[in-house]
Structures are given as structure tokens and as C-alpha cells.
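Please look over the structure shown below before reading the notes that accompany it.

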Amino acid sequence: MRRNECIAMLLAGGEGRRLGVLTKDLAKPAVHFGGKYRIIDFTLSNCVNSGIETVGVLTQYQPLVLNRHLGIGSPWGLDRRDGGMHVLPPYVRQKGGSWYKGTANAIFQNIGFIERYDPEYVLIISGDHIYKMNYELLLEAHKANRADATIAVISVPWADASRFGILNVDEDGKVLEFEEKPKQPKSNLASMGVYMFSWPVLRDALLRDDEDKMSSNDFGKDIIPKLLGEEARLFSYRFDGYWKDVGTIESLWEANMNLLEGSPALDLNDRSWRIYSVSPNQPAQYLSPEASVTNSLINEGCVVEGRINRSVLFHGVKAGKGSFIEDSVIMPGAVIEPGARIVRAIVGENAIVGSGCRVGSVDSEHIAVVASYDHIVPEIPLEEANPL
């Protein structure tokens, strides 16, 4: 087995409870995003664009759709004999086995996989964030600081700081304190859940963490604080690009709407940093003479006969005559029948919104949701048909 300087371990077992019905039968990293992609496509594309050719994808919750999407890694060029992408679910070992008990335990259970490649460095990333990052620059900073661990951070609004792991650092970026979701944060530098470790340090920390019966086996709650307490060399790496944790209905909707801005912070047309995904192999979109489309993303295979404004339509969506869709996200294969009106909503994959239905409101503070494969008819109130 050829030695890799750096390999990536991608945590993709997230349940995504706050996404409600959208993740009832779907792992969060497999949720659709941006008219063409799934959330996990961004971290996988970051890896290949950064020159990381060996990626372990750790799955757990509702993995069927995610596994089908990943396949053998072909869309990302990770279908290779040496290295490439490997799906790593929990499994029963000779000495027993269990579900992944936490982020650190998930990596611990795959120490054998990592050791096959004998890396100098291990990148730990998550499959449920939207961003573009060059991990090669992170590795260079890690080396320059002779760090044991480097944590990618981003400045967040002070009002949101208590939702994240918060770092306090000195002028050189060395980590002085790490607080997991503090009630009174001392800074607004939030961990992105992107960690670069020197492998010998990480391996030792994982082994000791597994022996600690009081540990919750989590990087943010256990591994990082313990290393900091032992005066390991922990550094921060500041990221100033677009990063979004699409963990709620509102944040998922907002991230899709961000793509429709005049100069979006997340440029999906950047040819120097492509985001790769599985092709749906659909025919060209069709806009009828009655169709009206403004400020929207309309993907292949769509048939539009109604009015679309500031919305994202995934492949294979049908919008019938007299329908109206505004400020909404319509996922693959959904059917919006004639006369239906969709405003400030997310309509799930292969859902049907019947003729004359009204979903969402311009005056509502919340984003309406229609579950995947659901069928809404006017006689059934929306809140009864699709509880979150």
C-alpha cells in the first residue's frame, strides 16, 4: 500500500433531526442542495480539488440513499485502485462492535483503515456543511506551526457564537481556550468542525479516549479539550470564505436563496474549483410559451408552464399551467400541479402539490415544508398533512 502524506476521514453519519421530515429517511449529508448537488458533494469536491486522493467516508444513519449516491466515487475521480474513496460503516469485529458512539469513536473504530496508508497527517471533516476550502493551505499552515492539531475557524455573529465550539487564540493563532457552546462566549471564532491532526498525536489521543469510560468520545467535547489541557500545540486556521451549517429548515432554505444573489458568496460557476456530483442524466429543460422565469435556477429535465420567481428547481420538476412558485426550493421530481401556489417553502423529492393548493405565505416567519413523496390536496390542511 502506497504511503499517503495526508488522508481524509469524512464524517457522514449525521441524522439531521432539525431538518424534520426532510431527513426522516435520509442522512443529512445526502440532502439535496443548490439545484444539482447533495450536501456531501462539497466536502468530497474540496478533497479532490485539494489533492487528497484517499478519503474514508464514515456512514451510519439511514445510509441507503447516501451509499447509492457515493457509489465507487466516480463523479469525484475517487474510483482508483490505490487510495480513492472507501465507505466505512460500523461493523462487528472479532472482539465485538457497536454503532459509532461519537465523532472521535467513529475515527477510533477505523484506526486500522488509517494505518493501511501510514499517513503523516489526518484531516477530519464533516459531510454536512456547505463551503469551498483548499485543505492544502490548511496542511501548509499546520506544518509551518509544527502543530499537533489545527482547527479551521470562522468568525460568526456574536449572537450565534453560543451555538458553536468557540476558540480563544493569541496573536499567532495558538489556541489558548476551547469552549463547546459556551453561554457567555469570549470570542466569535467558531470551529468549523475541520481538523488537521498529526497522525501519531491523533492515534494516541484516540486510544486514551477509548479507555476513558467517562468520555463522550467526541472531538469538540473530549479530544480537543484534553489535548489543550496537556499543552499540546493546537493552532487555529482562519477561513474567510462562505461556510454554512445547513442544519435547520431555515438555514437550508437561506443557503439556497443565497445562490440567487447578484454576486453570490458561494460561486458555483467557479471553473477553478468545481463542485462535482452524480449526473441525473435528464433531458433538457422545457419552458412553455406561458412560462415566466426570473432570478431562478432551473435544472435539467424540468417542465415549466407556470411562473417561477427567485426559486431553485432541481432536475425533473414539473410546474403546471397557472402555477406560481416564489422564494422556494423544489427538490427533484416534484410535481406542482396547475394553479398551485408555493411561497417561501421547500417541497421534497417526488412530492405532489395538487391543483389549487396553497403552500407557504409571504407573511410567515417560518419556511413551509412538504415531505418527500407526499401528496398535498386542497381538502387537507398543510399542517395536518405534513407535520415537522
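The report below takes up one helix, one sheet and the salt bridges of this predicted model.

## Helix α1 and the turn after it

Helix α1 spans residues 40–49, and because eight of its ten residues are buried, the helix is largely enclosed by the rest of the structure. The buried positions in α1 are I40, D41, F42, T43, L44, S45, N46 and C47. Just after this helix, G51 adopts a positive phi of about 80°.

## A parallel open sheet

Six strands make up an open sheet with parallel pairing, and their order is β14-β17-β20-β23-β26-β29. The edges are taken by β14 (286–287) and β29 (375–376), each of which has a single partner strand, so one side of each is left without a neighbour in the sheet.

At the β29 edge, the pairing with strand β26 (residues 352–353) is parallel and runs over two bridges. Within this pairing, I352 stands opposite H375 of β29.

## Salt bridges between separate parts of the chain

The count of salt bridges in the model comes to 14. One of them joins R80 to E53, with the closest N and O atoms 3.4 Å apart. R80 belongs to the loop between α2 (64–70) and β5 (84–87), whereas E53 belongs to the loop between α1 and β4 (54–58), so the pair ties together parts that are 27 residues apart in sequence. R80 counts as partly exposed at 36% relative accessibility, and E53 is likewise partly exposed, with a relative accessible area of 33%.

A further salt bridge is formed by the side chains of D270 and K132, at 3.6 Å from N to O. This pair links distant parts of the chain, 138 residues apart, since D270 lies in the loop between α8 (249–258) and β14 and K132 in the loop between β7 (129–131) and α5 (135–144). With a relative accessible area of 24%, D270 is partly exposed, whereas K132, at 18%, is buried, the cut-off for a buried residue being under 20%.

## A pair within α6, and a network

The side chains of R208 and D204 also meet in a salt bridge, with an N to O distance of 2.9 Å. Both residues lie in helix α6 (residues 199–211), where R208 and D204 are four residues apart, about one turn of the helix. R208 is partly exposed, with a relative accessible area of 34%, and D204 is partly exposed as well, with a value of 39%. Elsewhere, K28, D128 and D245 are joined into one network by salt bridges that share partners.

Notes: Residues numbered from 1 in each chain as written. Predicted model: local features only at pLDDT ≥ 70, side-chain atom pairs only at ≥ 80, totals over all residues. Heavy atoms only, no water. Buried < 20%, exposed > 50% of the residue type's maximum accessible area, 1.4 Å probe, protein only. Pairing = 2+ DSSP bridges. Salt bridge = Lys/Arg side-chain N within 4 Å of Asp/Glu carboxyl O.
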